[in-house]
Amino acid sequence: MTDTLLALSTDHCRITPLLADDARALAAITDETVTSRVHFLPAPFTEADARALIAGSGGGDVFHAVRDASGVDLYGVIGVHRRAGGEYEIGYWFAARVRGQGIATESVRAVVAALAASRPGTRIVAECHPDNEPSRALLRRAGFVSTGRPGKRPGRILMEWRAAPAWRIDVC
């Protein structure tokens, strides 16, 4: 895997590179509920802003489109951001119409699993506002735990992905 995923498929979605043709759909799903939480997004987020974000994707910041299973309808975006020390940060936002359906959890799990498989031993982190319980719950479902430390951005907590153990003990 390079920093840009070529394509991933899950039961309900397809994850592909974000393309210039996605600008209109990206602007449509990036409403105030998103821009109020994602520090680098202007409000309102316009189609021109979407084009600039897509054009700037590369290097240390790469944005992936989360689409429906057919690969057409844009559900959301997952960013993979390279940080100092070989660490990667995951970030995301999803259209209001798909929230609460498990699509974000499914797609974040897929991206994290692909990143971990392609870069064994890599530390994968996420930052979240303490008052953003839906996002914190999604991260916990995807295998992230709180580090108890603040994030790099003010007002955020740092969470770290922990691979599930290859073994488990069932108690009867």
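**A guided reading of a predicted protein model**

The accessible surface of the protein comes to about 9000 Å², and carbon and sulfur atoms account for 56% of this area; such areas come from the Shrake-Rupley method with a 1.4 Å probe, and for residues only the protein chains shown count as cover. The model is predicted: local features need pLDDT of at least 70, side-chain atom pairs count only at pLDDT 80 or more, and totals for chains, interfaces and linings use all residues. Residues are numbered from 1 along each chain as its sequence is written, while side-chain values use heavy atoms, with hydrogens and water left out.

The pLDDT is the predictor's confidence in each residue, from 0 to 100. Its mean for the protein is 90, and 91% of the residues reach 70 or more. Among the elements, strand S3 (residues 61-68) has the lowest mean pLDDT, 93, and helix H1 (residues 23-29) has the highest, 98.

The secondary structure consists of five helices and eight strands. Here helices (H or I, at least four residues) and strands (E, at least two) are DSSP runs, numbered from the N terminus. In that direction, the order of the elements is β-β-α-α-α-β-β-β-α-β-α-β-β. The radius of gyration is 16 Å, close to the 16 Å that the globule rule gives for 172 residues, so the protein is as compact as a globular protein of that length. This radius is taken over C-alpha atoms, and the rule is 2.2 Å times the number of residues to the power 0.38.

Of the 172 residues, 46% are buried; buried means under 20% relative accessible area, exposed over 50%, and partly exposed in between (1.4 Å probe, protein chains only). Helix H5 (residues 133-141) offers an example, with Ser135, Ala137, Leu138 and Leu139 buried. Their cover includes strand S5 (87-94), helix H4 (103-118), strand S6 (124-128), strand S7 (144-150) and strand S8 (157-161). Just after H5, Gly143 takes a positive phi of about 105°.

A further backbone feature lies in the loop between helix H2 (32-35) and helix H3 (47-56), where Pro44 is placed. The peptide bond from Ala43 to Pro44 is cis, with omega near 0°. Most peptide bonds are trans.

Strand S3 contains Ala65, which is buried with a relative accessible area of 0%. Neighbours within four places in sequence aside, Ala65 is in contact (heavy atoms within 4.5 Å) with Arg14, Ile15, Thr16, Pro17, Leu18, Asp22, Leu74 and Gly76.
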